[in-house]
Amino acid sequence: MGWIIHMFFIILDLTPNTLMKCVDLVFKSILFTTYYGFSGEKLMKKMKQLLSLALILAIAPNTLFASPTDLGYRFAHKTNIVFRNLAPTYNDAYTPAAVDYGTAGFTFVAGPSHLDPPYSKNVAFHEANWGWTTLRALSLAYNSNGDICITESGVWTGHCNKTTKKADFGYIKINNAYTGISAFPNPPTLANKNFLIRHEFGHTLGLGHAVVCNNANTIMVPAVNCSPLYTTLQTSDFTVLGAWYP
Ligand SMILES: [Zn+2]
């Protein structure tokens with residue numbers, strides 16, 4: 001009886017979608033046990049095992065993949081990162097984002113609001129009409145030779161890594177011609193801005209998108225219509241940053 005109560009509480013925690021997957025798996029389990037001719041006590045035992053397995057399989061995506069993935073490079077700097085503001089629309093989001101990343105040990109200093117070199121240790125936030133309509137922002141990282149880590153079309157170049165060829169300059173392109181998902185309007189709300197600044201800087205640090213979209217427990221959700229769209233760094237973000245940037 002204990003296991004039934006236990007399972008009931010797990011079910012309470014599931015979203016309707018995962019619950020349906022679960023129900024589907026349980027029905028398949030029943031078909032499976034019927035087919036193989038289990039009966040009575042033996043059937044109950046098999047059912048318990050299969051139901052447990054079904055629940056584990058249903059819950060696994062939200063626990064295994066609700067975390068930032070790894071873009072394959074690291075940023076070479078953790079302190080006195082030079083912040084360049086070429087996106088004043090986002091002024092009210094920078095300080096709280098810096099405070100949030102400060103919890104993970106990152107510190108920032110103000111740099112010039114233009115794009116002339118030197119770029120080493122700099123992160124530039126640049127808002128313009130980049131000719132995109134559906135893309136809200138793009139985060140580009142370069143090594144100390146000025147070679148790009150991942151191209152604008154998402155191709156990993158091999159110019160950057162986690163040890164000898166770390167990223168040295170972060171260039172975040174924010175698009176003011178966005179006409180995409182209305183959940184992320186143009187101009188953006190403060191909540192949108194709080195999300196975007198943290199999310200894009202996460203990419204500068206090598207954080208990739210989580211595999212799951214909803215209830216992902218990370219600022220690195222894969223799309224702006226994921227729910228919730230977090231406005232602060234989440235537990236899994238701090239865990240990953242702590243491991244990657246001790
Ligand atoms: Zn992203």
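Start by selecting isoleucine 81 and phenylalanine 108: phenylalanine 108, in S3, is the bridge partner of isoleucine 81. You're looking at a predicted model, by the way. Now widen the selection to strand S2 (residues 81–86) and strand S3 (residues 108–110), which pair in the parallel sense over three bridges. To see how the chain gets from S2 to S3, add helix H4 (residues 91–103): the path runs through H4, and this β-α-β crossover is right-handed.

Stay on S2 and bring in strand S4 (residues 122–128). These two also pair in the parallel sense, over five bridges. For a landmark, pick asparagine 85, whose bridge partner in S4 is phenylalanine 125.

**Around H4**

Back to the crossover helix. Which residues of H4 are buried? Color Ala93, Tyr94, Ala97, Asp100 and Tyr101, and you have them. Now turn the view to look down the axis of H4: the buried residues fall within an arc of 135°, so they line one face of the helix. What do they pack against? Show S2 and H5 and you'll see the packing partners of those buried residues.

Then flip to the other side of H4, where Asn91, Asp92, Thr95, Val99, Gly102 and Thr103 are exposed. Before leaving, click on glycine 105, which follows H4 and has a positive phi, near 100°.

**On to H5**

Select helix H5 (residues 190–204). Its 15 residues reach 21 Å from the first C-alpha to the last, close to the 21 Å expected at 1.5 Å a residue. Is H5 mostly covered or mostly uncovered? Mostly covered: 13 of its 15 residues are buried. Just after H5 comes glycine 206, another stop for a backbone check, with a positive phi of about 100°.

**Into the core**

Last stop: the largest nonpolar core, with 42 residues. Put Ile172 and Ile197 in sticks, as they have the most contacts inside this core. To see where the core draws its residues from, highlight H4, S4, strand S5 (137–142), strand S6 (169–175), H5 and helix H6 (235–244), the elements that give two or more residues to it. As a general matter, nonpolar side chains in soluble globular proteins tend to be buried together.

Finish by centering on isoleucine 172. Leaving aside residues up to four places away in sequence, isoleucine 172 touches Val123, Ala124, Phe125, His126, Ala137, Ser139 and Glu200. Phe125 should ring a bell: that's the bridge partner of asparagine 85 from earlier in the tour.

Notes:
Residues numbered from 1 in each chain as written. Predicted model: local features only at pLDDT ≥ 70, side-chain atom pairs only at ≥ 80, totals over all residues. Pairing = 2+ DSSP bridges. Helix = DSSP H or I, 4+ residues; strand = E, 2+ residues; numbered from the N terminus. Right-handed = clockwise from strand over helix to strand, strands pointing away. Expected span 1.5 Å × (residues − 1). Buried ≥ 20, exposed ≤ 12 C-beta atoms within 10 Å, placed from the backbone. Core = buried A, V, L, I, M, F, W, Y, C linked by C-beta atoms within 7 Å. Contact = placed C-beta atoms within 7 Å. Arc of directions from axis to C-beta.
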